[in-house]
Structures are given as structure tokens and as C-alpha cells.
2 protein chains.
Amino acid sequence: MSTILTKRSDDYSQWYNDLVLKSGLADYSAVKGCMVIKPHGFALWELMRDQLDKMFKETGHQNAYFPLLIPKSFLSREASHVEGFAKECAVVTHYRLKNDPNGNGIIVDKDAKLEEELIVRPTSETIIWNTYKDWIQSYRDLPILINQWANVVRWEMRTRLFLRTTEFLWQEGHTAHATKEEAIEETTKMLEVYATFAEDFMALPVLKGVKSANERFAGAEDTYCIEAMMQDGKALQAGTSHFLGQNFAKAFEVQFRDKENKLDYVWATSWGVSTRLIGALVMAHSDDNGLVLPPKIAPIQVVIIPILNKNPETVAKLNQVADDLISGLKAAGIRCKYDNDDNTRPGWKYAEYELKGVPVRIVLGARDIENGNIEIMRRDMLTKEMVPVDNALEYTKTLLGTIHDSMFNKARDFRDSNIRKVDTWEEFVKTIEEVPGFISAHWDGTPETEEQIKEATKATIRCIPLDNVQEEGKCVFSGKHSTQRVIFARAY
Amino acid sequence: MSTILTKRSDDYSQWYNDLVLKSGLADYSAVKGCMVIKPHGFALWELMRDQLDKMFKETGHQNAYFPLLIPKSFLSREASHVEGFAKECAVVTHYRLKNDPNGNGIIVDKDAKLEEELIVRPTSETIIWNTYKDWIQSYRDLPILINQWANVVRWEMRTRLFLRTTEFLWQEGHTAHATKEEAIEETTKMLEVYATFAEDFMALPVLKGVKSANERFAGAEDTYCIEAMMQDGKALQAGTSHFLGQNFAKAFEVQFRDKENKLDYVWATSWGVSTRLIGALVMAHSDDNGLVLPPKIAPIQVVIIPILNKNPETVAKLNQVADDLISGLKAAGIRCKYDNDDNTRPGWKYAEYELKGVPVRIVLGARDIENGNIEIMRRDMLTKEMVPVDNALEYTKTLLGTIHDSMFNKARDFRDSNIRKVDTWEEFVKTIEEVPGFISAHWDGTPETEEQIKEATKATIRCIPLDNVQEEGKCVFSGKHSTQRVIFARAY
């Protein structure tokens with residue numbers, strides 16, 4: 001079964017596409033750049049969404065829903081926002097079709113042209129701040145802490161399943177505050193929520209940092225991010241949290257009276273993660289046999305497969321052991337599946353659940369059970385253990401935690417051993433070409449230098465780490481004075 | 001506070017708009033016909049969605065996600081579908097904007113015209129059946145039982161918050177089966193799920209029935225529906241389940257090999273409910289003071305308001321009683337809120353929670369507590385009861401169930417007493433004009449008669465009830481032979 005996937009060592013990119021398609025996460029669609037999220041992929045997204053949603057609510061946020069369609073003129077209100085977002089997007093120009101009088105199906109009705117075109121939202125700052133204008137008069141109306149789960153469309157020429165698609169699903173938080181300090185606190189608080197989610201639920205170690213001006217969100221004063229390293233050494237931006245200053249409040253004239261009855265513009269943040277996280281998950285953990293899903297968000301955490309034979313006594317015995325185990329697992333809140341379908345052979349099932357990334361596989365064999373044992377395999381290591389039946393439940397519960405920790409540690413060790421300090425331009429170019437991973441190097445702080453490094457090597461500044469060591473140095477490219485190293489990498 | 005809403009008796013329609021806006025369910029948006037679902041409205045939708053999602057999963061369905069944008073040509077594949085859906089919809093014709101060379105903001109880039117226009121989905125049968133084509137080869141691939149939670153757009157000229165909006169949120173189930181019988185069974189099973197949800201969770205009594213040909217979904221062989229009566233006697237279609245026959249399989253060439261290796265077209269169903277249900281909820285139960293929410297889906301089920309004074313001992317005592325009560329309610333899984341904000345007065349809070357429809361209000365007064373009592377009010381009846389402190393938890397738990405039953409019975413009695421048997425055309429016209437409610441009348445079964453009745457009275461056939469009594473009669477309009485009465489009404 002492992003032969004159905006291209007091997008990572010042969011073609012990493014093809015391995016990824018094979019895996020996403022064959023494990024049932026997603027499929028291509030008839031619409032260029034848009035994908036179908038299949039049941040297995042969507043179940044994974046639901047678990048990720050529900051956990052994030054819980055964390056948003058615990059930090060005081062509420063959900064709401066704003067229109068999909070945004071008047072074109074809204075996009076040009078915030079000067080830098082329009083540069084970043086208004087360009088590649090789906091434009092609705094008409095609101096009616098009609099039968100072709102020549103009998104060729106249906107055509108656009110020219111009489112149904114919109115006075116002002118509508119844009120399918122690429123992000124919702126503009127429509128939301130236009131709404132907040134009506135909701136905010138006084139400091140008593142603040143803060144507003146709202147999140148939205150939604151689909152967005154950004155026209156992409158080169159797409160990859162989950163990583164870069166024309167339509168994707170995401171959440172976007174949009175908050176409004178009375179003070180700059182409070183807005184910055186919100187921005188960093190949500191970055192922490194994202195980092196906690198990535199590490200504690202996706203087993204994905206992340207660097208927390210701030211973006212350079214070139215990589216900043218269009219309309220933000222500061223963009224905070226979490227960055228992860230994939231198995232090929234490339235970086236993947238896994239979430240961003242933006243301090244928007246008063247930019248959108250000014251663009252949409254959102255003012256409030258403070259406690260001293262003084263008028264001021266409202267301070268804003270926005271923050272989001274998307275179905276891209278599924279791509280990160282796959283690229284960070286999976287292997288040549290298929291997906292390796294972190295236990296906490298795996299749709300099926302434990303699969304139990306009996307080796308059935310024709311003997312009704314054996315079948316009854318195996319079913320009995322399975323029933324006991326399943327009720328114990330369910331009572332512990334563990335998502336499990338008993339696959340006793342006798343139309344498919346055990347070997348086929350093993351390969352199938354490996355491909356789908358189920359963290360723990362339990363095999364019930366008649367002889368093992370007679371000997372009081374159960375075979376338990378962990379997907380991340382592909383190692384098996386014989387466990388006494390009476391101990392199987394406790395063992396499995398512990399094993400799920402062990403797998404999470406082990407996946408996290410493996411990914412963190414891989415990342416940490418692939419961040420290299422580089423001090424000369426020659427070494428930089430050689431390293432980026434020849435060795436997968438991140439580069440930690442001094443930078444003079446100018447957008448021009450960053451741009452030139454990008455042109456020369458395709459590497460960008462992924463982030464300036466939040467807890468960065470301050471040290472004197474010389475920019476790896478310009479030789480100018482620098483006070484800290486930043487993280488460079490090629491990125492998805 | 002009750003004065004802030006228009007009274008139902010003065011202007012039912014205005015009462016509804018006032019209520020939706022002022023209770024914080026939704027707001028108008030800058031985009032014609034699209035609304036903003038505010039946090040209170042969205043919390044309600046989340047609870048409805050989560051319950052429905054649970055019921056879908058319990059009946060074997062999985063969630064997935066299909067593209068928002070549909071190629072125009074797909075819509076004309078199924079002949080009657082295009083008539084019903086392809087006309088009033090949002091048409092994407094371009095994929096890029098650019099800066100206006102004359103400096104007037106941004107304009108559509110004429111060079112970025114799509115070869116084939118894309119339609120923002122008004123419903124997803126076409127894109128989904130185009131996908132199923134690749135997923136189905138054999139009877140082993142069937143059934144496919146998939147649901148999608150999504151936004152859809154149908155261009156509407158006259159819109160009403162929740163009831164009829166250009167964009168709305170919904171779920172759409174799309175299933176594929178090997179036999180006609182199995183597909184019909186699925187169609188009626190999902191109708192039952194909807195009816196159970198409406199009655200057991202929304203306290204909304206519904207008539208289950210089948211639509212006449214005129215009211216059938218575009219592309220369906222049969223449309224089953226649940227119909228509810230609003231307080232003004234008008235009907236509201238609360239959910240539909242369609243048996244699609246082999247229409248979409250034929251349109252998208254989806255064939256499978258059955259157990260005998262014979263090729264056949266796949267049988268289909270689709271079924272959906274939308275944010276329209278929130279409109280139904282409001283119109284069925286609420287009053288001149290505000291929302292009356294059914295307890296099972298109320299975002300806050302119990303609010304506790306202390307009458308605070310300056311005495312720290314009193315405050316401590318009230319907080320202690322509240323803490324005990326809250327931990328008991330939370331342990332029972334009841335969503336409650338303790339509002340001890342001392343910036344607003346109790347009277348203001350009472351009105352606010354009445355407006356928002358919180359089913360149970362508990363007031364903690366110092367003197368009552370001294371006497372060992374707590375005041376408990378039920379929102380649906382606006383009646384108060386003094387309850388011993390020790391009994392308050394049990395009383396409240398029981399009361400939530402009582403309120404549900406009482407709301408359901410009230411709505412059912414209202415409906416049942418407003419379905420009138422009518423046997424002459426004169427009586428039909430007089431009744432529909434003068435008396436709110438449904439009419440049960442004989443109909444000759446022809447679309448022509450239904451159309452003429454609609455033109456004359458604006459009444460349509462809401463449904464042919466599933467458990468309909470068969471009786472000889474004469475059509476109320478044409479006088480022709482009829483075997484059963486059907487339900488006529490004016491509808492939202």
C-alpha cells in the first residue's frame with residue numbers, strides 16, 4: 001500500500017498532492033483553483049475549528065456573520081489595504097442570467113448590470129468597519145470582540161490543495177478598542193492563542209514573531225505571526241494577528257467619545273487562521289505511508305480491527321473484547337471506530353487506516369486474546385506492542401498523549417537542528433541553495449535589503465522572533481549595522 | 001421598555017423588523033439585500049446548527065465542503081433546475097481590479113475577463129453532482145450521505161431580515177443511492193429529522209406534507225416540506241427535502257454498476273434548512289415585549305439579577321446564593337448568566353433580557369432571601385413565582401421543560417384553531433381576505449387551478465399533508481372531482 005504514494009525523497013511536492021488526494025482530505029474541483037474538502041478533511045477541520053472556537057470564546061469573543069459581497073468602493077478606502085487586496089479577486093458585475101435567444105443555454109443579462117460592482121470578500125476589514133461605524137458611539141460600546149467563520153476568495157494563479165486555493169475557509173477576528181495599549185494586548189493575546197493551538201493540538205512547533213514591513217498585512221501597523229518548518233525545510237506561515245492602529249477607523253470614520261467626552265478614532269485588530277493549517281499538518285508530520293495525524297484533532301483516534309474467522313465462538317469473543325474496550329474509550333471521550341466489515345481483509349484495512357493517519361490501531365487476534373493480549377500499533381512510529389487485555393484501555397489512553405508529545409518533540413528537534421546561523425552573504429546563498437531549513441542572520445532593517453535578498457535567493461524574512469536576542473552585528477547582505485538576527489527562509 | 005417596539009396589533013410587519021433589529025439578532029448592511037447576523041442572532045444559529053448537525057451525524061451523514069463558485073454552463077445542464085435557479089443570481093465575470101488611470105479609485109480590469117462566467121452558488125446540486133461523477137463507479141461507492149453548511153446567494157428584489165435575504169446561511173444535504181426506494185426513504189427520513197427539530201427544539205409545530213408541482217424544487221420529482229403557521233396566520237416553509245429521482249445523475253452522467261454488473265443512473269436527494277428558521281422562531285413565539293426564545297436553543301437560558309445595595313454583607317449574601325445556583329445550573333448543562341453589573345439598574349436589565357428572550361429570569365432580593373425565597377419569572381407567560389431558595393435549582397430545571405411544552409402547545413393550539421375547512425369559492429375568498437390562518441379545501445390536482453387560485457387570492461398550496469384523509473369532494477375553484485383536501489395559505 002505504501003507504494004501508492006510518491007516517496008518524499010523522490011518528489012516532496014508530488015508526495016504531498018498524492019497524499020491529500022488519496023487519503024481523502026480533498027479533491028480538485030471543476031472550478032480553477034477551488035477545491036472540494038472531502039469528509040475526512042472536513043472532519044479534521046471541524047475538530048480544529050471547534051477547539052479554536054472554544055479558545056476564542058474563553059478569551060471573551062463572540063461569533064457573528066457579515067456579508068460575502070463587498071462594494072468595490074469600500075476596498076479603496078484604506079490606502080495600503082487596496083494595494084494588497086483589491087487586485088486579484090472575484091468581481092460580481094451582474095445579478096441575472098437569461099435564456100440565450102439563439103438557444104445556446106443561458107447568458108448574462110446585460111440589463112442586470114450592477115451600478116457598483118461587488119467583490120467576493122478577500123478579507124472583511126472593510127465591510128466590518130463600515131458596520132462598526134453604526135455600532136460605536138461611546139467608550140461604553142467598546143471593546144467589540146467579534147470573530148467570523150467564513151469562506152473567502154483571493155484569485156490565485158498558482159494553487160496547491162489547502163496551501164493556496166482561490167476559495168478557502170477561515171476565521172477572521174475583528175476587534176475594536178478604546179486605547180492603543182488594549183488593541184496591542186489583544187493582538188499579542190490572539191497570537192498566543194494561535195501558538196498554543198498549533199503546539200498543544202496540532203503538535204506543530206511554531207516561532208512567534210513580528211513581520212518585517214514587506215511582509216506586513218495590507219493596512220496593518222504591525223503583523224504578528226506564527227511560523228512553522230515543514231519537512232522539506234521550507235517555512236509555512238500558520239497564523240497572523242494584526243495590530244491595525246486607527247487605519248480602518250479613519251478610513252470608515254469610526255469615532256467614539258471617551259470617558260472625558262473627547263472624540264477619538266477607534267483602535268483595531270484582526271487575526272486569522274485558515275484551512276491552510278491542514279496543509280501545514282500534513283507537511284509537518286506525515287510519512288511515505290500516509291497521514292500522521294496529531295491525536296487531539298484526529299477524526300478517528302483509535303481504530304479496532306478484529307481478525308475474524310468462521311468460528312462463531314471466536315467472533316463472539318472478539319466482539320466482546322471490542323465492546324468492552326470501545327465503551328471504555330468512549331467513556332474517556334476518545335473517538336474510536338470498530339471496523340469488523342468482513343468484505344475487506346485486515347491487511348487492506350491496516351494500509352487504509354495508516355493512509356488516513358489514525359494515531360492508534362488495535363488488532364484483536366484470536367490467539368493473542370487467548371493468551372490475554374492485544375496488539376497495539378502507534379501510527380507515528382509504526383511500532384507495535386503486545387499489551388495485556390486488562391491493561392489495554394489505560395495503555396491506549398496514555399499512548400495518545402505519548403504520541404502527541406513524541407510528534408511535537410520530533411518536529412521541534414527537526415526544526416531546531418535546521419535553523420542555521422549564517423554570517424556572510426556567500427554562506428547565505430550556499431546554505432539557502434543546498435541545505436533545507438531556516439537561516440538566522442543579521443539584517444540592516446531596510447525593505448530594500450530584504451527585497452534584494454528575496455530577488456537573489458527567493459528567501460524572505462519569515463519573522464523577527466518575539467524573544468529575540470539583541471546583539472551587535474553586520475547585515476549579511478549590505479554589511480550595515482544591525483542589532484539582531486532575523487529568520488530567513490523560502491516559504492509556502 | 002415595551003414601548004420601543006411597534007405592537008403586533010398595530011403593524012405586524014413593523015413589529016418583526018423592530019424586534020429583529022432591537023433585540024440584537026441582525027442588522028442591515030451596506031450591501032442591498034444582505035444582512036449582518038449579530039452576536040445574539042449568531043449564538044442562536046450556532047445552537048440550532050449544532051443540534052441539527054448532531055441529528056445529521058446520528059443518521060449517518062458526514063460534512064464536506066464544495067466550491068462557492070459554479071461554472072455558468074453547469075446550471076443549464078438540468079432543464080428544470082435552470083428555470084428555477086439560474087436567473088436571479090450573482091454573476092462573477094472578472095477576476096481582477098486595477099487602479100483607475102484617471103485616479104478615481106479602482107476599476108474592473110477589462111483584461112481579466114473570465115472565459116466562462118462563474119455563479120455564486122444559489123444551491124449546490126450541480127457542482128456536487130459534477131463531483132460525484134468522479135466518486136461513484138460501483139454500488140460499493142453508494143450510498144454517499146453528505147451535508148454541507150454554507151452560504152448561498154439568490155438575488156432578491158424584496159428582502160426581509162432572515163426571511164428573505166440575498167445571501168443566507170444554510171445546510172444542504174446531498175445524497176446518492178443505488179435504488180429509488182432507498183432515495184425516497186432518505187428523503188422522508190430527513191423530513192422527519194426536520195420536523196423533530198422544529199417541534200422538539202424550536203417548539204414550533206409543523207405540518208408535514210408534499211408540495212404540489214407548482215411549488216416543487218426546480219429539478220425534483222417530489223418536494224417534501226414542513227410548514228408552520230406564524231402569529232399573523234401566514235404560512236412559513238421551514239424546511240424542504242427533495243427526492244430528485246435520476247435527474248441530476250442524468251444531467252451529469254453519473255452511472256454506477258450494480259451487484260449484477262448492470263449500469264444504471266444514481267438516485268438522488270437533497271434537503272435543506274436555513275437562517276430563515278430564525279425568522280420563523282421570532283414570528284411564531286415572540287410578543288410585544290420582545291423575543292420569546294424556546295429554552296433548548298436560547299443562548300442564555302437563565303439570567304440571574306441581584307438587587308444590590310451598599311451593604312457589603314447583603315452583597316456577599318446575594319453573591320453566595322447566586323454562586324450556589326450557578327454551579328448547580330452549570331452542572332446540569334444549563335446556559336446561565338449572572339448580571340451583577342452595577343452600572344445599570346435592575347429595571348433596565350429586566351426589559352433588556354425580556355427583549356432578548358431569555359426564558360427564565362431569577363431576581364435575588366435581600367428581603368426575599370432573608371425570607372428564604374427567590375423570585376423566578378418565566379418569559380413566555382411573564383408570570384413570577386416566589387420559590388424557596390433550597391428548591392430554586394430543581395424548580396428552574398423543571399421550568400425550562402415546562403416553558404418548552406407550553407410554548408409548543410400554545411403555538412399548536414393557535415394553528416389548529418386557525419385551519420378552516422372551506423367548501424365554496426365564495427367562502428374561500430372571504431376567508432382568505434378576512435380571517436388569518438390556513439384553509440383546508442378540495443383541489444382538482446391541476447397546476448392551472450392552483451395558479452388561478454394564487455392569482456385571485458395570493459394563496460398557494462402549502463402542502464398536501466402526509467397523513468391526509470382521503471375523501472370524495474369537489475374542487476373549491478373548478479368544481480371538478482377531488483379525493484382530498486390540501487392546505488392553502490398566504491405565505492412568507
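Me: Where in chain A is A:Pro143 found?

Reply: In this predicted model, A:Pro143 belongs to the loop that runs between helix H5 (125-135) and strand S9 (144-153) of chain A. The peptide bond that joins A:Leu142 to A:Pro143 is cis, with an omega of about -5°.

Me: What is the peptide bond from B:Leu142 to B:Pro143, cis or trans?

Reply: That bond is cis, and its omega is near -5°. B:Pro143 is located in the loop between helix H5 (125-135) and strand S9 (144-153) of chain B.

Me: What makes the phi of A:Phe162 worth a remark?

Reply: A:Phe162 is not a glycine, yet its phi is positive, at about 70°. The residue sits in the loop between S9 and strand S10 (167-177) of chain A.

Me: Why is the relation of chain A to chain B that of a two-fold axis?

Reply: Chain A is superposed on chain B by a rotation of 180° with 0.0 Å of shift along the axis, and the RMSD is 0.0 Å. Such a rotation is the relation of a two-fold axis. Among the residues of chain A, A:Val92 comes closest to the rotation axis, its C-alpha being at 2.1 Å.

Me: How do you know that the copies meet through the same surface?

Reply: Of the interface residues of chain A, 100% are also interface residues in chain B, so the two copies use the same surface to meet.

Me: Why are H9(A) and H12(A) called oblique?

Reply: Helix H9 (residues 312-331) and helix H12 (residues 392-416) of chain A have axes that come within 10 Å and cross at roughly 40°. Angles under 35 degrees would count as roughly parallel, and those from 65 to 115 as roughly perpendicular. The crossing angle of roughly 40° falls in neither class, and therefore H9(A) is oblique to H12(A). The crossing is right-handed. On the H9(A) side, the contact is made by A:Leu325, A:Gly328 and A:Leu329, and on the H12(A) side by A:Ala392, A:Leu393 and A:Thr396.

Me: What makes two residues of this contact of H9(A) with H12(A) polar?

Reply: The contact of H9(A) with H12(A) has four nonpolar, two polar and no charged residues. Gly counts as polar in this classification, and A:Gly328 is one of the contact residues. Thr is not in the nonpolar or charged list, so it counts as polar too; A:Thr396 is also in the contact.

Me: How do you know that H9(B) and H12(B) are oblique?

Reply: In chain B, helix H9 (residues 312-331) and helix H12 (residues 392-416) pack at an angle of about 40°, with axes 10 Å apart. The limit for roughly parallel is under 35 degrees, and the pair is therefore oblique. H9(B) passes H12(B) in a right-handed crossing. B:Leu325, B:Gly328 and B:Leu329 of H9(B) make the contact with B:Ala392, B:Leu393 and B:Thr396 of H12(B). Four of these residues are nonpolar, two are polar and none is charged.

Me: Why are H2(A) and H6(A) called oblique?

Reply: The axes of helix H2 (residues 39-58) and helix H6 (residues 180-201) of chain A come within 11 Å and cross at roughly 140°. To count as roughly antiparallel, the angle would have to be over 145 degrees. The two helices are therefore oblique to each other. Their crossing is right-handed. A:Gln51, A:Leu52 and A:Met55 of H2(A) meet A:Val193, A:Phe197 and A:Phe201 of H6(A) in this contact, which has five nonpolar residues, one polar and no charged.

Me: What pLDDT does chain A average, and what ipTM does the predictor give the complex?

Reply: The average pLDDT of chain A is 96, and 99% of the residues score at least 70. For the complex, the predictor gives an ipTM of 0.96 and a pTM of 0.97.

How values were computed:
Residues numbered from 1 in each chain as written. Chains lettered and ligands numbered in written order. Predicted model: local features only at pLDDT ≥ 70, side-chain atom pairs only at ≥ 80, totals over all residues. Least-squares fit on C-alpha atoms with pLDDT ≥ 70 in both. Contact = placed C-beta atoms within 7 Å. pLDDT = per-residue confidence, 0-100. Axes fitted to C-alpha atoms, helices over the stretch in contact; angles between N-to-C directions. Helix = DSSP H or I, 4+ residues; strand = E, 2+ residues; numbered from the N terminus. Left-handed = near helix turned anticlockwise from the far one by under 90°.
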